[in-house]
Structures are given as C-alpha cells and as structure tokens.
Amino acid sequence: MKDGFVIVDGHAHTYMHNLAPKITSSFTELHRMEPTSSMGEGTVEDLLEKMDAGGIDMTVLANFGPNKAVDRINAWNLGNSRANDRLIPLVSVYPGMTAEALEDLVDQGAKGVKMHNVIQEYDPCDPGLDEIYSVCASRNLPVTLHCGEVSRVHLNDFADEEHIENAVRSHKDVRFVLTHLVAGIPETVFHMASSYSNIMIDTSIAFSGEHCIHRIHDDFWEDDDNVVEAFRKVGCDRIAFGSDYPYGNPASDARRILSLDLTDKEKSRILGLNTLEMYGMDIPKKL
C-alpha cells in the first residue's frame with residue numbers, strides 16, 4: 001500500500017529464471033525496443049523486489065507462450081501464484097484448446113485468460129476459440145487481449161482495432177481487458193469505451209511514468225491534463241493500471257497516476273480496486 005492506496009499492477013510478464021535473460025533480450029531485439037537500464041529482469045524474484053520497493057501490493061501475471069509451451073507455462077504461472085498470494089495468475093490459451101482444459105486451469109486457481117494474439121499468431125475471433133469464450137462467459141473469467149503496437153515492428157494484423165472490436169462485439173457476454181490503451185490512439189479509446197460496456201482498458205506502456213523501452217504511442221498520453229480528461233471521459237471505473245513489467249516500470253507508472261489531478265476515489269479505482277473487482281478478489285486483509 002502506498003499513500004493509503006491499494007495498488008495492483010494489472011499487467012506484468014515473468015519468465016523462468018534460467019530463461020528470462022534470453023527471452024527479454026530476444027524480445028526487445030526482435031521488436032527494436034531499445035531498452036534502458038530501467039527495464040526489469042523479468043524474473044519473479046525481481047518483480048517481487050520491485051513490488052516491495054514501489055509499494056505495489058499485488059500483480060497480475062499475464063504470461064503467455066507458443067502453443068507447444070502453453071501447458072508448461074500455465075503450470076509454472078499457477079505454481080508461482082500458489083507460492084505467493086500477491087500474484088494473480090492468468091492462463092494462456094490458443095485456438096483448439098478444449099473447454100475441459102480451461103475448466104481444469106480455473107479449478108487450479110486461474111483468475112482470467114491472456115491472449116497475445118500477435119505473438120501467438122491468431123485472430124481473437126478464430127472459431128477455434130469458441131469453447132474458450134464459452135467457459136469465460138460461464139465462469140466469469142476476464143479475457144486480456146493484446147491491442148495494437150508496442151514497438152516499431154508490425155508482425156501481423158491480429159491486434160489491429162478491427163480484430164479487437166470484432167472479438168468484443170461478438171462476445172458481449174465476456175469481459176475484456178484491452179491492453180496498452182487500445183493501441184494508444186485516443187479516438188479508438190473513446191470509441192471502444194462508448195460502444196461496449198464489457199471492456200476495461202489498461203494503461204500499460206501507452207501511459208508511462210518512465211519509458212523503459214522506445215515508445216511509439218500517441219504523444220497525447222504524455223500530457224497529464226489530457227490523461228485526466230480522457231480517463232474521466234472513459235470513466236475512472238473502467239481504467240486499470242498496468243505496467244507491462246519488465247518492459248515498463250510499475251513503481252514509476254503508479255507514481256504518475258498518484259500525481260494526476262484526480263480525486264482519491266478516482267485514483268483508488270484506477271490503481272487497484274477496478275482490477276481486484278475484475279478478478280472477483282477482495283482487498284487483502286493484511287494491507
């Protein structure tokens with residue numbers, strides 16, 4: 001807890017300790033991200049240290065992987081959350097994954113689903129995901145969708161606005177978390193927020209207190225007055241703080257939200273309460 005606020009980072013990635021350096025290095029090189037020394041190491045240990053140092057109470061692990069590694073990554077992710085109740089686990093899915101497989105992961109503690117449609121190379125409206133969406137609707141599992149570009153490399157179109165909107169429109173009984181301020185284009189943010197009630201929008205990378213990687217997003221979000229006006233236009237109960245650790249800095253991003261000219265109630269919603277409610281979790285008693 002920082003300054004009396006419960007702070008929940010709604011969007012972070014971690015990697016197995018022995019693989020983290022290779023993965024973060026290859027990922028930033030592939031995407032031409034130009035990382036700075038402020039970027040995290042990508043390990044659970046480093047994340048927890050940064051949480052302690054920055055007053056971050058809980059973090060959502062939005063880990064994902066290629067189809068051949070999904071089972072291993074999901075098991076590892078769920079294990080990390082069982083070992084530390086400050087970590088909220090999402091699970092990675094793919095077209096063709098069965099409802100039974102996802103149900104089993106939910107029974108093991110999964111709080112939501114992560115689709116990285118670009119890296120995993122599938123359309124979020126792929127019919128092979130129908131069983132997954134059905135479980136998400138029936139079990140009230142939010143779906144976190146990767147949105148738009150976070151680097152100068154365009155790998156495919158699966159995170160473009162058209163694909164994101166088709167998924168949200170086609171599955172109105174599912175709650176979606178749209179990452180990276182829906183690609184960081186203000187008009188897109190306002191359009192999606194006004195058109196669909198089944199979405200939460202996270203701040204990761206597009207809104208930043210400290211740029212750990214080369215930024216490509218609209219300069220609109222660099223101005224605090226613009227941010228305050230935009231968040232209120234969308235509704236502060238529909239904005240969720242997310243850092244995209246290790247590619248973003250949770251502490252500096254949270255500090256920027258705390259510095260905005262918002263009411264304490266609005267900051268509380270954005271910094272943590274929206275995310276806790278999204279995943280059906282109470283404020284931890286120990287805070």
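Which side chain does the side chain of His163 make a polar contact with? Let's start there. The partner is the side chain of Asp123, at 3.0 Å. Keep in mind, please, that what you have on screen is a predicted model.

So where does this histidine sit? His163 belongs to helix H6. Its relative accessible area is 16%, and because the cut-off for buried is under 20%, His163 counts as buried. If you ignore the neighbours within four places in sequence, His163 touches Asp123, Pro124, Asp157 and Phe158.

Okay, staying with H6 for a minute. This helix covers residues 161-170, and it has helix H8, residues 186-195, beside it: the two axes come within 12 Å and cross at roughly 10 degrees. With that angle, H6 is roughly parallel to H8, because angles under 35 degrees count that way. What meets what there? On the H6 side we have Glu161, Ile164, Glu165 and Val168, and on the H8 side Thr188, His191 and Met192. By type, the contact residues split into three nonpolar, two polar and two charged.

Now the sheet. It's an open one with eight strands, in the order S1-S2-S3-S4-S5-S6-S7-S8, and the pairing is parallel. Which strands are at the edges? Those are S1 and strand S8 (239-240), each of which pairs on one side only.

Let me zoom in on the S1 end. S1 pairs with strand S2, residues 58-61, in the parallel sense, and there are three bridges between them. Asp9 is opposite Thr59 of S2. On to the next pair: S2 and S3 also run parallel, joined by three bridges. Thr59 turns up again here, standing opposite Leu87 in S3.

And the side chains of S2, buried or exposed? They're buried: Met58 and Val60 point one way, Thr59 and Leu61 the other way, and that goes for all four names.

Right, helices against the sheet. Helix H3 (residues 70-83) lies across S2 and strand S3 (87-92), and relative to S3 it runs at about 170 degrees. Then there's helix H5, residues 130-138, which lies across strands S4 (112-115), S5 (143-145) and S6 (176-178), at about 150 degrees to S4.

A quick stop at the loop between S2 and H3, where you'll find Pro66. Pro66 has 46% relative accessibility, so it counts as partly exposed. If you want a distance to check in your viewer, go from the C-alpha of Pro66 to the C-alpha of Ser138: they're 72 residues apart along the chain and separated by 26 Å.

Last element, helix H10, residues 250-259. How many of its ten residues are buried? Eight, so the helix is mostly covered. The buried set is Pro250, Ala251, Ser252, Asp253, Ala254, Arg256, Ile257 and Leu258. And what do those buried residues pack against? Strand S1 (8-12), for one, plus three helices, H2 (44-54), H9 (224-234) and H11 (264-278). So we're back at S1, which is one of the edge strands of the sheet.

One detail to finish on: the N-terminal end of H10 has a cap, Asn249. A side-chain oxygen of Asn249 lies 3.1 Å from the backbone nitrogen of Ala251. That's my tour, thanks.

How values were computed:
Residues are numbered from 1 along each chain as its sequence is written. This is a predicted model: local features need pLDDT of at least 70, side-chain atom pairs count only at pLDDT 80 or more; totals for chains, interfaces and linings use all residues. Side-chain values use heavy atoms; hydrogens and water are left out. Buried means under 20% relative accessible area, exposed over 50%, partly exposed in between (1.4 Å probe, protein chains only). Helices (H or I, at least four residues) and strands (E, at least two) are DSSP runs, numbered from the N terminus. Contact means heavy atoms within 4.5 Å. A polar contact is a pair of N or O atoms within 3.5 Å; within protein, one must be able to donate a hydrogen and the other to accept it, and residues adjacent in sequence count only if both atoms are side-chain atoms. Two strands pair if DSSP finds at least two bridges between them. Axes are lines fitted to C-alpha atoms, for helices over the stretch in contact, and angles run from 0 to 180 degrees between N-to-C directions. Angles under 35 degrees count as roughly parallel, over 145 as roughly antiparallel, 65 to 115 as roughly perpendicular and the rest as oblique. Ala, Val, Leu, Ile, Met, Phe, Trp, Tyr, Cys and Pro count as nonpolar, Asp, Glu, Lys and Arg as charged, and the others, Gly among them, as polar.
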